[in-house]
Amino acid sequence: MPSRRDLLRCAVVGVAVATALGAGALAWSSTLLGEYSVMDMGSGDAHAGHGGHGADGPGGHGAAEASGPGALSVTALTAPDRPADVRVELVARQGTVEVPGGRSIEGYTVNGTSPGPEIRARQGDLVEVVFVNESVADGATLHWHGIDVPNAADGVAGITQDAVPVGGRHVYRFEARDVGTYWYHSHQVSHVQVERGLLGAIVIEPAEAAARPDAARELDRTALLHIYGGQHTLNGRVADERVAAAPGTTVRVRVVNTDQGTAAVWAGVPFRVAATDGHEVHEPGEVDGQRLLIPAGGRADVTVVAPDRGVARLHVGGARSILIGDVSDAEASAPPVRQPAKTLDLLAYGAPAPLDFDPAEPDRSFDYVIARRFGIIDGRPGNFWTINGRMFPDVPMFAVTEGDVVVMHLRNDSGDVHPMHLHGHHVVVLSRDGITASGSPWVVDSLDVHPGESYDIAFVADNPGIWSDHCHTLPHAVDGLIAHVMYDGITTPFTINGEAGNRPE
Ligand code: C2O
Ligand code: CU
């Protein structure tokens with residue numbers, strides 16, 4: 001319990017900061033938030049676009065219209081009503097997490113382990129996951145990171161559902177439309193629950209995987225990275241992995257970065273980046289003497305060809321490696337390679353290919369400018385992130401209409417890197433610091449924006465709902481680095497901080 005004096009000091013700091021920064025926008029954030037709806041947050045930040053949508057002035061966004069008569073609830077935005085092709089039950093528990101090869105930690109498991117089971121589905125499958133919360137005291141959810149699920153299945157507590165209480169269950173249903181490497185994690189008190197293990201991988205394979213001409217010469221392995229209490233693990237173990245592969249076999253390593261910071265991948269042999277965030281790279285070239293950086297929350301499929309003799313070492317995430325090749329000799333090893341200083345630039349990697357939409361004349365164009373300043377969020381003073389100069393919950397609301405082509409200008413004036421993650425959509429990178437992308441379409445759902453950088457990204461608003469657009473260094477999201485994309489005519493019955501105890505970040 002804080003003493004009366006602490007509380008008094010807090011209040012004095014609060015008043016001083018509020019006075020220094022002027023009242024106005026801080027009026028709301030300098031008091032306790034209490035229960036609120038994401039529908040009441042922020043204000044429109046659209047510039048005038050081309051498709052006949054006007055600019056929304058500050059304070060004039062679409063929430064009021066959206067909640068009016070005829071508005072559709074997020075709960076109505078569901079997958080087609082047909083039998084499931086893949087059905088999985090995932091049970092979350094709070095308690096001790098065994099970390100093979102290391103020491104156990106207090107955290108969360110899914111079906112008894114962390115990471116939880118890997119889900120594999122084929123493109124076109126209807127996936128149905130029955131989620132059971134056996135003992136997670138704060139409640140929990142599952143979010144399908146990177147998969148463009150229907151909004152009702154997005155798993156964000158307080159926006160698309162209530163957190164599932166102990167003893168409760170929730171069914172997630174979605175069509176596995178986009179092939180690729182993804183992951184699932186709780187989106188209730190996520191900065192704690194994700195860091196402590198409530199997560200797993202999900203891979204969507206091509207419908208005709210076995211029929212691909214080179215399928216017999218390809219192996220496929222997942223490399224999920226997570227740090228448990230300071231211990232760097234690969235697929236949950238403090239150990240390297242060995243993949244037996246005949247010379248010339250291509251091994252696709254699906255690296256999943258579930259941590260709070262960027263992960264590096266490099267090797268002593270050439271490799272290729274076959275996919276970023278689940279999206280295939282067009283004609284990926286050989287990468288030699290450079291490292292690949294994967295943002296927090298991001299994934300990359302890296303292919304390595306098994307060498308003629310011995311093994312090849314792929315470094316994943318700084319502390320762990322995968323040894324690929326002739327592993328029959330248990331001692332077979334390849335010496336570690338120093339991490340290259342040079343980073344592969346995905347802006348110019350692979351060969352160009354046409355996009356399936358034209359971002360040249362967007363219907364909406366938004367700024368997402370990240371900075372930082374002192375202030376108070378929910379009664380808590382601190383040095384918080386701002387978006388377009390404003391502090392949570394007075395952050396922008398990006399209002400769109402289904403079918404809009406949307407361009408977003410990200411800029412980072414905050415002095416720290418931010419892996420920006422938009423739910424429910426894939427974005428394509430158009431340019432960085434004014435330099436136009438020149439390689440394969442670089443499609444992501446998690447994008448590191450480094451200090452001083454700016455990116456133009458684009459997406460098609462083709463998945464109605466209310467979608468979080470936040471930093472995936474999750475403590476940053478708690479400290480205000482979160483905004484939302486909201487479609488006209490959509491409303492949510494769920495609230496944050498209310499009786500259901502929803503705290504998505
Ligand atoms: Cu992987 Cu909103 O999160
Ligand atoms: Cu951040």
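**View 1. The second largest cavity has a lining of five nonpolar, two polar and no charged residues.** This close-up, like the others here, comes from a predicted model. The volume of the second largest cavity is about 40 Å³. Around that space you will find Thr276, Val281, Leu346, Tyr349, Ser440, Pro441 and Trp442. If you are selecting these residues in your viewer, Ser440, Pro441 and Trp442 are among the lining residues to pick.

**View 2. The largest cavity encloses about 90 Å³ of space.** In total, the model holds three cavities of 30 Å³ or more, and this panel turns to the largest of them. Its lining is made up of Met408, Leu410, Met420, His421, Leu422, Val427, Val444, Asp445, Leu447, Ile457 and Asp469. Sorted by class, the lining of the largest cavity comprises eight nonpolar residues, one polar residue and two charged residues. Asp445 and Asp469 are both part of this lining, and so is His421.

**View 3. Two strands, β26 and β27, each give at least two residues to the lining of the largest cavity.** Strand β26 covers residues 405–412, while β27 covers 418–422. The largest share of the lining is the three residues that come from β27. Showing these strands as a cartoon, with the lining residues as sticks, should make the panel easy to follow.

**View 4. Serine 468 sits in strand β33, which runs over residues 466–471.** With a relative accessible area of 2%, serine 468 falls under the 20% cut-off and is therefore buried. Leaving aside residues up to four places away in sequence, serine 468 is in contact with Val156, Ile159, His421, Leu422, His423, Ile482, Ala483 and His484. Two of these partners, His421 and Leu422, also help line the largest cavity shown in View 2.

**View 5. A copper ion (ligand 2) has His418, Cys471 and His476 as its protein donors.** The donor atoms are ND1 of His418, SG of Cys471 and ND1 of His476, lying 2.0 Å from the ion. Along the chain, the donors follow the spacing H-x52-C-x4-H. Cysteine 471 is buried, its relative accessible area being 0%. Histidine 476 has 12% relative accessibility, so it too counts as buried, the cut-off being under 20%. For readers moving between panels, His418 lies within the residue range of β27, and Cys471 within that of β33.

Technical notes: Residues numbered from 1 in each chain as written. Chains lettered and ligands numbered in written order. Predicted model: local features only at pLDDT ≥ 70, side-chain atom pairs only at ≥ 80, totals over all residues. Heavy atoms only, no water. 1 Å grid on protein atoms, 1.4 Å probe; cavity = no way out; pocket = protein on both sides within 12 Å on 5 of 7 lines; lining within 4 Å. Points joined across faces, edges and corners; volume = space filled by probe spheres on them. Helix = DSSP H or I, 4+ residues; strand = E, 2+ residues; numbered from the N terminus. Nonpolar A, V, L, I, M, F, W, Y, C, P; charged D, E, K, R; others polar. Buried < 20%, exposed > 50% of the residue type's maximum accessible area, 1.4 Å probe, protein only. Contact = heavy atoms within 4.5 Å. Donors = N, O, S within 2.8 Å, 3.2 Å for Na, K, Ca; no water.
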